[in-house]
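Please open the model in your viewer and keep the sequence panel beside it, so that each selection can be followed in both. The tour goes from stop to stop, and each stop says what to select and what is there.

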Amino acid sequence: GGGGWRTVDFIVEAAVQHIVQYTLGRWGRLDVIYNHAGIGVGNPVTQVSIEEWDRIIDINLRGVFFGTKYAILEMLKTGGGAIVNTASDAGLVGTPMLSAYCASKGGVVMFTKATAAEWARMGIRVNCVCPGVIKTPILDPMLAMGKAAGVTEEALWARMGKAHPIGRVGMPEEVAEAVA
């Protein structure tokens with residue numbers, strides 16, 4: 001966007017504060033924020049290091065906290081707004097090999113429910129989306145492992161799609177439409 005802003009280090013509180021202030025300077029107010037970040041490591045819980053755990057929790061949950069906190073402070077000044085957080089179906093149903101990811105996204109779900117109840121009377125709506133598998137770079141490591149094992153990318157997408165009622169993997173644009 002304007003001013004060169006494209007991404008923010010979501011786990012650095014000052015960076016999130018800065019982007020909120022940048023938005024206010026550019027647009028004069030903050031009506032909507034979409035807290036969207038996510039990483040995951042596919043390992044059994046016994047092989048998840050504390051460093052991996054902390055990184056996943058920081059990016060997937062702490063960043064949502066910062067974005068929500070600083071958005072609310074500004075939204076209260078203008079009569080309300082809307083906050084949308086990205087959780088995951090893995091935050092609703094445990095997924096083997098993704099314990100840290102599930103914990104972080106389950107945290108996003110409960111954080112969203114709590115903040116929605118906390119701020120609804122002040123005109124601030126807080127919701128989350130809980131997508132299933134979406135065709136994004138977060139899946140690149142899994143695709144690489146599959147290819148190394150001799151499975152084609154098309155076969156991997158088909159296998160993942162079978163787990164969804166629509167019979168395929170979702171697209172980022174579909175999530176964006178739900179958020180909007």
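## First stop: a buried glycine

Begin by selecting Gly161, which counts as buried because its relative accessibility is 0%. The model you are looking at is a predicted one, and that should be kept in mind at every stop. Colour helix α5, which covers residues 153–161, and you will find Gly161 within this helix. Now add Phe66 to the selection and draw a line between the two C-alpha atoms: Gly161 and Phe66 are 95 residues apart along the chain, and 33 Å separates them in space.

## Along to an exposed proline

From helix α5, follow the chain into the loop between α5 and α6, where Pro165 is found. Is Pro165 buried or exposed? With a relative accessible area of 87%, Pro165 is exposed, since the exposed class begins over 50%. If you also select Thr152, the C-alpha atoms of Pro165 and Thr152 turn out to be 22 Å apart, while in sequence the two residues are separated by 13 positions.

## The sheet

Next, show the strands as a cartoon and hide the rest for a moment. Three strands make up an open sheet, its order is β1-β2-β3, and the strands pair in the parallel sense. Strands β1 (32–35) and β3 (124–129) stand at the edges, and each has a single partner strand, so one side of each has no neighbour in the sheet. Looking from one strand to the next, you should see a twist that averages 15 degrees.

Select β1 and β2 together, and you have a parallel pair held over four bridges; then take β2 (residues 81–86) with β3, a parallel pair that is joined by six bridges. Which residue of β2 is the bridge partner of Asn35? The partner is Asn85, and Asn85 in turn has Cys128 as its bridge partner in β3, so selecting Asn35, Asn85 and Cys128 lets you step across the sheet by way of these bridges.

Before leaving the sheet, display the side chains of β1 as sticks. In a regular strand, side chains alternate between the two faces of the sheet. Here Ile33 and Asn35 point to one face and are buried, whereas Val32 and Tyr34 point to the other face and are not buried.

## A loop with an unusual backbone angle

Move on to the loop between β2 and α3, and pick out Met97 there. Although Met97 is not a glycine, its phi is positive, at about 75 degrees. Met97 counts as partly exposed, with a relative accessibility of 42%.

## The largest pocket

Switch to a surface view and turn to the largest pocket, which holds about 1,100 Å³ of space. To find its centre, select Leu98, Tyr101, Val133, Ile138 and Leu139, which are the closest to that centre among the 37 residues of the lining. Colouring by element is also useful here, as α3 (99–119), α4 (140–148) and α6 (172–179) are the elements that give two or more residues to the lining. If you colour the lining by class instead, it shows 24 nonpolar, eleven polar and two charged residues.

## Last stop: salt bridges

Side chains of opposite charge can pair when their charged atoms come close. There are six salt bridges in the structure, and three pairs are visited here in turn.

- Select Arg29 and Asp31, whose side chains form a salt bridge with an N to O distance of 2.8 Å. Arg29 is partly exposed at 37% relative accessible area, and Asp31 is partly exposed as well, at 35%.
- Select Asp58 and Arg62, which meet in a salt bridge at 3.9 Å, N to O. Because they are four residues apart in helix α2 (residues 50–75), about one helical turn separates them. Asp58 is partly exposed with a relative accessible area of 22%, and Arg62 is likewise partly exposed, at 37%.
- Select Glu74 and Lys77, where the closest N and O atoms of the salt bridge are 3.2 Å apart. Which partner is buried, and which is exposed? Glu74 is the buried one, with a relative accessible area of 12%, whereas Lys77 counts as exposed at 62%.

Key:
Residues numbered from 1 in each chain as written. Predicted model: local features only at pLDDT ≥ 70, side-chain atom pairs only at ≥ 80, totals over all residues. Heavy atoms only, no water. Salt bridge = Lys/Arg side-chain N within 4 Å of Asp/Glu carboxyl O. Buried < 20%, exposed > 50% of the residue type's maximum accessible area, 1.4 Å probe, protein only. 1 Å grid on protein atoms, 1.4 Å probe; cavity = no way out; pocket = protein on both sides within 12 Å on 5 of 7 lines; lining within 4 Å. Points joined across faces, edges and corners; volume = space filled by probe spheres on them. Nonpolar A, V, L, I, M, F, W, Y, C, P; charged D, E, K, R; others polar. Pairing = 2+ DSSP bridges. Axes fitted to C-alpha atoms, helices over the stretch in contact; angles between N-to-C directions.
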